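Q: Could we go through this model together? I have some short questions about its cysteines and its core.

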Amino acid sequence: NNLMHTLIRCITACEYCAALCLREPHAGEMARCVMLDRDCADICTLTVRFVARSSEHARHVMKECIEICKACAEECSKHDNDHCRHCAEICRECAMHCEGFLQAA
């Protein structure tokens, strides 16, 4: 399933981004990025699980997932690190796939 694959890619990109942000020499300036990375990874994890089991609440969770993916993409876009730029790209892609799923359902 393309949606589930994208959600898993987003989880991975966000976890990787958060881990590398914490290793930056100016990690304190990356706090909001790390927090949003972690929130995004968590909501994507919940969303992929709800979609996998066809939960009646999947649509509700997915709306929150879209919101957090967009916020994470916006924050990551503010930073010049490759991992942040990659994360922003994947988060945008994930939000688009989730929006497509909601419109089709």
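The exchange below covers disulfides, the nonpolar core and one glutamate.

Q: What kind of model is this, and how are residues numbered?
A: The model is predicted; local features need pLDDT of at least 70, side-chain atom pairs count only at pLDDT 80 or more, and totals for chains, interfaces and linings use all residues. Residues are numbered from 1 along each chain as its sequence is written, and side-chain values use heavy atoms, leaving out hydrogens and water.

Q: How many disulfides are there?
A: The count is zero, where a disulfide is a pair of cysteine sulfur atoms within 2.5 Å. Cys17 is in none, and the nearest cysteine sulfur, that of Cys84, lies 3.7 Å away.

Q: And why is Cys72 not bonded to Cys91?
A: The sulfur of Cys91 is the closest cysteine sulfur to that of Cys72, but at 3.9 Å it is too far for a bond.

Q: Is Cys72 buried or exposed?
A: Cys72 is buried, with a relative accessible area of 0% (buried is under 20%, exposed over 50%, partly exposed in between, with a 1.4 Å probe and protein chains only).

Q: Which residues have the most contacts inside the largest nonpolar core?
A: They are Cys10, Cys40, Cys44, Cys69 and Cys91, in a core of 39 residues. Such a core is a set of buried Ala, Val, Leu, Ile, Met, Phe, Trp, Tyr and Cys residues joined through side-chain atoms within 4.5 Å.

Q: Turning to Glu64, how exposed is that residue?
A: Glu64 is partly exposed, with a relative accessible area of 35%. The C-alpha atoms of Glu64 and Cys44 are 9.4 Å apart.
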